[in-house]
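I opened the notebook for a new structure today. Let me pull up the sequence and the coordinates before I write anything down.

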Amino acid sequence: MSQASVLLSSPDAAAAAGVPPPPSTGRQQPARHLMMAVFCYSHPYMATLPITQDGDPVLRAIAAQVPAGLFGSEELATMLRDMSDTLDSQPDGVALAAPQVGLSYRIFIVRYDRMERDEEVAKAMGPDVGIFINPEIVKSARKREEMQEGCLSVRGVYGYTLRHARATVRAQDERGVWFTRGGGGILAQAFQHEIDHLDGILFIDHAEELRTDTHEHATEPA
Ligand SMILES: [Zn+2]
């Protein structure tokens, strides 16, 4: 059995993190309002979004392609930042798809540093986020491996899935530039798990030996 596994969600941390309250509700001079607005714009606070859970229709929808007009926009930048902040708030998560934060777009992100088994190396990497927009698996190994798997949108449930041992994804970055990235093990597993999310598929649809364990730490959700 492979050691690699993917955990993809957790609502408690998101709820706990919450969204900060508006800057102020008290009386203020107009100039102060303006200053606040400028401050918030140049130093946006973290936006941690709640993670959608199994049963939410957004997890079963076919997510929409990100249109060309959205690349380079503040809207896309905000979505990517919110996804990154949300995944950051889930220390056991290695990847996150946009529908998991209620956005029905073909986007997923991964945390390469959290896939690194060597703790020292992971620490040295710092938060290392990979962005995949309009992703497609263009190549996969015929060989499949049994992987332990979990999902941030099916919190506390784990099981075994059969995943291609290696996969290559073609996707666009935040500027719209196409690239390809290949990987094996947990990265290949995350590619398959996340693209399934964009097609409305959850790992519990095909996993075996499903079990509930709210104290599981042996697998990372995605
Ligand atoms: Zn997932």
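How far does α3 reach from its first C-alpha to its last, and what is expected at 1.5 Å a residue? I checked: α3 has 15 residues and reaches 21 Å, close to the 21 Å expected. A note to self before going further: this is a predicted model.

**Confidence.** I looked up the pLDDT next. The protein has a mean of 85, with 77% of its residues at 70 or more. Residues 1–6 fall below 50, and the model gives this stretch 24 contacts beyond near neighbours in sequence. Residues 8–43 also stay under 50, with 49 contacts beyond four places in sequence. I read both stretches with caution.

**Helix α3.** Which residues of α3 are buried? I found Leu76, Met79, Met83, Thr86 and Leu87. They cover an arc of only 95° around the axis, so they sit on the same side of α3. Glu74 and Thr78, on the other side of the helix, are exposed.

**The loop after α3.** I followed the chain into the loop between α3 and β2, where glutamine 90 is found. Is glutamine 90 buried or exposed? I count it as buried because 28 other C-beta atoms lie within 10 Å, and the cut-off for buried is 20 or more. I also looked at its separation from leucine 152: the two are 62 residues apart in sequence, yet 8.4 Å apart in space, C-alpha to C-alpha.

**The core.** I then asked for the largest nonpolar core, and it has 38 residues. Those with the most contacts inside it are Ala95, Leu96, Ala98, Phe108 and Ala190. The elements that each supply at least two residues are α3, β2, β3, β4, β6, β7 and α6. The largest share, 7 residues, comes from α6. I picked alanine 98 for a closer look: leaving out residues up to four places away in sequence, it touches Ala63, Met79, Met83, Leu103, Tyr105, Ile107 and Phe108. Of these, Met79 and Met83 are also on my list of buried residues in α3.

**Helix α6.** Why do I call α6 largely enclosed by the rest of the structure? It is because 12 of its 14 residues are buried. The buried set includes polar names such as Gln189, Gln192, His193 and Glu194, alongside Ile186, Leu187 and Phe191. For length, 14 residues at 1.5 Å each should span 20 Å, and the end C-alpha atoms are 21 Å apart, which agrees. Just after α6, I noted glycine 200 with a positive phi of about 75°.

**Strand pairings.** Last, I went through the strands.

- β3 and β4 pair in the antiparallel sense over 5 bridges, and isoleucine 109 stands opposite isoleucine 131 in β4.
- β4 also runs antiparallel to β7, joined by 5 bridges, and there isoleucine 137 stands opposite valine 169.
- β5 (residues 144–150) and β6 (residues 157–164) pair antiparallel over 7 bridges, with arginine 144 opposite histidine 164.
- The hairpin of β5 and β6 has 6 residues between the strands, and glycine 156 there takes a positive phi near 85°.
- β6 pairs with β9 (residues 208–212) as well, antiparallel over 3 bridges, and tyrosine 160 stands opposite glutamate 208.

Technical notes:
Residues numbered from 1 in each chain as written. Predicted model: local features only at pLDDT ≥ 70, side-chain atom pairs only at ≥ 80, totals over all residues. pLDDT = per-residue confidence, 0-100. Contact = placed C-beta atoms within 7 Å. Pairing = 2+ DSSP bridges. Helix = DSSP H or I, 4+ residues; strand = E, 2+ residues; numbered from the N terminus. Core = buried A, V, L, I, M, F, W, Y, C linked by C-beta atoms within 7 Å. Expected span 1.5 Å × (residues − 1). Arc of directions from axis to C-beta.
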